[in-house]
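Reader: Could you walk me through how to read a model like this one? I would like to go feature by feature, with the general idea ahead of the case.

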Amino acid sequence: MTVIIVLFVVLLLMGMPIAFVIGISSLVFFLGKPDLALGIAAQKMVSSTQSFTFLAVPFFLTAGNIMNASGITERLVKFAKTLTGHMRGGLAQVSVILSALMGGISGSAVADASMEARFLGPSMIKAGYSKGFVASVLSYGGLITATIPPSLGLIVFGFVGDVSVGRLFVAGIVPGLLMTAILMIPTHVISKKRNYRVENKRPPHAGEVFKALQESFWALLFPLILIVGIRFGFFTTSEAGAFAIVYAMFVGKFIYKDLTLKKLIGVIDTSVTDNGVILLIITAAGIFGFVSAYSGMPAAIAKVITGITTNKYVLLILITVFLLFMGMVMESTVNCLIFTPIFLPILKSVGVDPVHFGIIMMTLVTMGCMTPPVGTAMYSVCQILDCPTEEYMKEGMPYIIAILGEVILLVFIPQICLFLPNIVFGK
């Protein structure tokens with residue numbers, strides 16, 4: 001197993017795509033075990049995709065792309081600008097609110113950050129905001145989508161850990177709204193200090209809010225339909241994903257009338273590429289999961305960790321620190337696929353609710369998309385805005401501190417995550 005870990009690190013440092021890093025390092029294990037047929041690796045690759053629940057990932061990803069092409073984003077921007085345009089640094093606050101609204105649409109932190117960088121970034125820079133500040137607020141704002149349903153990360157966590165995706169969706173609402181409020185604090189402080197301008201001279205009237213709400217009503221209704229539908233058994237999580245595609249196409253074509261055949265073809269092309277990347281990672285992780293279980297690595301790690309302490313809060317902190325580091329060096333989906341089967345049984349054995357851990361884990365590993373060296377959201381936003389990563393990192397420190405502050409709250413106050421699903425689904 002040591003050889004595999006060393007090879008894994010070497011290939012990762014060489015910059016090889018993560019799916020091939022996982023697959024190649026896992027296959028080396030089979031070469032050193034003559035009693036294991038290579039055919040098992042192929043079987044594990046195929047079996048890792050044979051999950052009805054996992055169908056929700058490509059469905060929701062495609063639905064999010066359709067919604068982005070359907071005029072929904074423009075209406076959400078208008079709604080967000082109505083709510084926060086009167087605040088200091090109005091466009092920056094708009095971007096944070098938009099991230100919360102887009103959490104119920106795209107479900108992807110990288111997709112949200114990239115979309116906002118193209119859509120809002122140039123206007124913010126033109127208004128006098130520094131590039132580093134713009135890149136930071138857009139990138140870290142995308143982290144809100146890691147928890148607000150339908151989060152793709154929570155679907156993967158539920159699939160791997162055999163945890164109710166419906167409970168995870170509902171559990172993500174309060175932490176997602178809390179993160180929105182928390183990220184608005186450094187945005188306000190920085191904007192006030194630098195005297196960034198306001199977009200609207202006065203707070204909105206009730207009539208203006210109602211009008212903007214009407215225009216974005218169908219987009220805001222979507223997450224509510226999902227949660228109610230799953231809770232009352234109208235559809236499963238995967239069926240909800242299929243419904244999301246139909247809903248997005250109906251709204252785009254017949255209500256907003258912005259979805260054209262040309263746009264739909266472009267959406268399908270993008271969705272096939274995005275889903276192909278995710279599927280390749282998951283099939284490779286299927287081999288790694290078998291190898292780690294066969295070698296006894298999860299049991300060994302569990303023994304080491306529980307040998308340190310059995311206090312659930314200390315264990316949560318230790319695992320939180322570990323996941324924070326791993327999020328910086330590996331993609332969030334990979335972290336979820338590899339470490340959920342290892343850490344979840346340990347934490348369940350000491351009384352940690354799996355839904356509680358799921359929210360914490362996905363927040364931490366998704367934040368790795370915003371930090372070097374992997375930083376997919378960071379590199380995407382910086383490239384779009386032509387922003388140096390050094391400036392981005394300097395301007396992003398207040399947001400990192402704010403996010404870690406929320407994670408500490410979630411660790412020690414689990415009811416932030418659990419009280420809403422306990423009300424909706426029962427304990």
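Author: Happily! Please keep in mind that this is a predicted model. Let us begin inside, with the nonpolar cores. The idea is to look for buried nonpolar residues joined through side-chain atoms within 4.5 Å. Here the largest nonpolar core has 130 residues, and Phe60 and Phe357 have the most contacts inside it. Helix α19, residues 332–349, gives the most to this core, with ten residues. There is also a second, separate core of eight residues, and Ile4, Phe30, Ile287 and Phe290 are among them.

Reader: How many helices and strands does the protein chain have?

Author: The chain comes to 23 helices and zero strands.

Reader: And how should I judge its overall form?

Author: One way is to compare the radius of gyration with a rule for globules. With 427 residues, a compact globule would have a value near 22 Å, and this chain has 21 Å, so the two agree. You can add the spans along the principal axes: the C-alpha trace covers about 70 × 45 × 45 Å.

Reader: What share of the 427 residues is buried?

Author: Buried residues make up 53% of them. For the outside, the accessible surface comes to about 18000 Å², and 69% of that belongs to carbon and sulfur atoms.

Reader: What can contacts along the sequence add?

Author: They show how the chain meets itself. Take the contacts between residues at least 6 apart in sequence: 79% of these join residues at least 24 apart.

Reader: I like to check salt bridges by hand. What is the rule, and how many are there?

Author: Look for a side-chain nitrogen of Lys or Arg within 4 Å of a carboxyl oxygen of Asp or Glu. By this rule the count comes to five salt bridges. One of them joins Asp258 and Arg75, whose closest N and O atoms are 3.3 Å apart. Asp258 lies in the loop between α15 and α16, while Arg75 belongs to helix α5 (residues 72–84), so the pair ties together parts that are 183 residues apart in sequence. Asp258 is partly exposed at a relative accessible area of 25%, and Arg75 is partly exposed at 22%.

Reader: Which residue forms a salt bridge with Lys78?

Author: That is Glu215, with 3.1 Å between the closest N and O atoms. This pair links distant parts of the chain, with Glu215 in helix α13 and Lys78 in helix α5, 137 residues apart. Glu215 is partly exposed, with a relative accessible area of 25%, and Lys78 counts as partly exposed at 42%.

Reader: Is Glu395 buried or exposed?

Author: Glu395 counts as buried, because its relative accessibility is 11% and the cut-off for buried is under 20%. Its side chain meets that of Arg194 in a salt bridge of 2.8 Å, N to O. Glu395 sits in helix α22 and Arg194 in the loop between α12 and α13, so to speak two distant parts of the chain, 201 residues apart. Arg194 is partly exposed, with a relative accessible area of 35%.Reader: Backbone angles next, please. What should catch my eye?

Author: Look at the sign of phi. Most residues other than glycine have a negative phi. In this model, Asn195 has a positive phi, near 60°. Asn195 lies in the loop between α12 (173–193) and α13 (206–215), and is exposed, with a relative accessible area of 55%. Lys257 is another case, with a positive phi of about 60° although it is not a glycine. Lys257 lies in the loop between α15 (237–255) and α16 (261–295), and its relative accessible area of 64% makes it exposed.

Reader: Which residues form a nonpolar patch on the surface?

Author: Ile317, Val321, Ile408, Leu409, Phe412 and Ile413 do, with about 520 Å² of accessible area together. The elements that give two or more residues to the patch are α18 (312–329) and α22 (389–412). Helix α22 gives the most, with three residues. Ile408 is found in α22 and counts as exposed at 52% relative accessibility.

Technical notes
Residues numbered from 1 in each chain as written. Predicted model: local features only at pLDDT ≥ 70, side-chain atom pairs only at ≥ 80, totals over all residues. Heavy atoms only, no water. Patch = residues over 30% accessible without salt bridge, like charges linked within 9 Å, V, L, I, M, F, W, Y side chains within 5 Å. Areas by Shrake-Rupley, 256 points an atom, 1.4 Å probe, with all protein chains shown as cover. Helix = DSSP H or I, 4+ residues; strand = E, 2+ residues; numbered from the N terminus. Buried < 20%, exposed > 50% of the residue type's maximum accessible area, 1.4 Å probe, protein only. Rg over C-alpha atoms; globule rule 2.2 N^0.38 Å. Contact = heavy atoms within 4.5 Å.
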